[in-house]
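Open the model in your viewer and keep the selection box at hand. Each stop below says what to select next and what is there.

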Amino acid sequence: MNNAAQAIFSLHYIGLNLKKGVTEADFEEFVRQRGVQIPAYPGWRWTLLKGLRGERENQYLMLYEAPSLPLYSRYVAENGEQTAEAQNFWQQHPQALALIAEWKTYATFAELPTLFTTYSLVAENTNSSLAEGPNYQVVAGQKTRSRVVGIHNLALRAGVKPQTFEQFIIDNIHRVEDYPGWKFHLLKGQGGNRQEQYAVMLEIESLDSLNSFHPELDVSTEKALSFVKAHQDTERMYDEWRTLASFSGAPQLYTDYLAIAGNGQ
């Protein structure tokens, strides 16, 4: 696997400025009306996520996506600090700096000392029916795109080497059949707070799609059960996966988030 060619995902916890009486509504109105004007680095995109259910319900997470490690590293150093090129980028966008300063009156921003993890992409389901593009998008005359992003932490079984698990996923990703409009990614922490740890990231086309298969935590609808019955090789692959590591969902820590704002294509 050529890590340089793989996408990079960076997750940053965001917290409201509660001591100044900021409410969720205050923050979300600012982000949707003004915060979305904060640009992404060239080739990047960012999405602000809000926890729907799971460990971080009603809490916020900033997701940055870069198409490759070299393009990520141009702007963010391994320790999470801005590079000289990033500093130059913001100096050329003074209006964005003013918006970031305004953002900070409502909540923390995605910068140190905010807790963060940078993940590299180990594998993703290229057979997914989910359309390429941002997880949040507003286009005049069209319905707002507001996808669900699930972050599910994983742990290896005792004695399993990371390379063994990664190679299993790479060799068997073709056996994964996602629900229509869903897309599976396996990520590996390469910097920040969960370095060398794994997570499944699920991108789901809408909240309606999530609820049509799993309307509550760890609850499956008849539609979901019928899909599983029709895709037994995927289930066999998941059973093999469980011999190496924990699986997506309970009892591991996870949160399903709703995309509520974003910038970048």
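Is Asn-125 buried or exposed? Select Asn-125 and show the surface around the residue. This is a predicted model, and in it Asn-125 has a relative accessible area of 2%. The cut-off for buried is under 20%, so Asn-125 counts as buried. Asn-125 is found in the loop between β4 and β5 (136–137).

Now add the surroundings of Asn-125. Leaving out residues up to four places away in sequence, Asn-125 touches Ile-173, Val-176, Asp-178, Lys-183 and Phe-184. With Val-176 there is a polar link: the side chain of Asn-125 reaches the backbone oxygen of Val-176 at 3.4 Å.

Keep Lys-183 on screen and select β9 (198–204). The bridge partner of Lys-183 in β9 is Glu-203. Lys-183 leads to the strand pair β8 and β9, which runs antiparallel over seven bridges. On its other pairing, β9 joins β7 (residues 148–153), also in the antiparallel sense, over six bridges. One bridge to find there is between Val-148 and Ile-204 of β9.

Show the side chains of β9. Tyr-198, Val-200, Leu-202 and Ile-204 point one way, while Ala-199, Met-201 and Glu-203 point the other way. How many of the seven residues of β9 are buried? Seven of the seven are, so the strand is mostly covered, by the cut-off of under 20% relative accessible area.

Next, go to the turn between β8 and β9. These two strands form a hairpin with five residues between them. Select Glu-196 in that turn: its phi is positive, about 70°, although Glu-196 is not a glycine.

A second positive phi can be found elsewhere. Select Asn-58, in the loop between β2 and β3. Its phi is near 65°, and Asn-58 is not a glycine either. Asn-58 has 38% relative accessibility and therefore counts as partly exposed.

For another backbone feature, select Leu-112 and Pro-113. A cis peptide bond joins them, with omega at about 15°. Pro-113 is in the loop between α4 and β4 (116–124).

Now turn to the nonpolar cores. Nonpolar side chains tend to be buried together in soluble globular proteins. Here the largest nonpolar core has 32 residues. Select Phe-27, Trp-44, Trp-46, Leu-48 and Trp-103, which have the most contacts inside this core. Among the elements that give two or more residues to the core are α1 (24–33), β2 (45–54), α4 (94–106) and β10 (254–263).

Stay on Trp-44 and display its contacts. Beyond its neighbours within four places in sequence, Trp-44 is in contact with residues including Tyr-64, Leu-71, Tyr-75, Val-76 and Gly-264. Apart from this core lies another, of 28 residues, with Val-148, Leu-154, Phe-227 and Met-237 among them.

The last stop is the largest pocket. What is its volume? The volume is about 690 Å³. The pocket is lined by 31 residues. Select Tyr-179, Leu-202, His-214, Phe-247 and Ser-248, which lie nearest its centre. Leu-202 was already on screen as one of the buried residues of β9. Elements giving two or more residues to the lining are β8, β9, α7 (222–230), α8 (232–242) and β10. Finish by selecting α8, which gives the largest share of the lining, five residues.

How values were computed: Residues are numbered from 1 along each chain as its sequence is written. This is a predicted model: local features need pLDDT of at least 70, side-chain atom pairs count only at pLDDT 80 or more; totals for chains, interfaces and linings use all residues. Side-chain values use heavy atoms; hydrogens and water are left out. A nonpolar core is a set of buried Ala, Val, Leu, Ile, Met, Phe, Trp, Tyr and Cys residues joined through side-chain atoms within 4.5 Å. Buried means under 20% relative accessible area, exposed over 50%, partly exposed in between (1.4 Å probe, protein chains only). Helices (H or I, at least four residues) and strands (E, at least two) are DSSP runs, numbered from the N terminus. Contact means heavy atoms within 4.5 Å. A polar contact is a pair of N or O atoms within 3.5 Å; within protein, one must be able to donate a hydrogen and the other to accept it, and residues adjacent in sequence count only if both atoms are side-chain atoms. Two strands pair if DSSP finds at least two bridges between them. On a 1 Å grid over the protein atoms alone, a cavity is a set of points where a 1.4 Å probe fits but cannot get out, and a pocket is an open set with protein on both sides within 12 Å along at least five of seven lines; lining residues have an atom within 4 Å of a point. Grid points are joined across faces, edges and corners, and a volume is the space filled by probe spheres set on the points.
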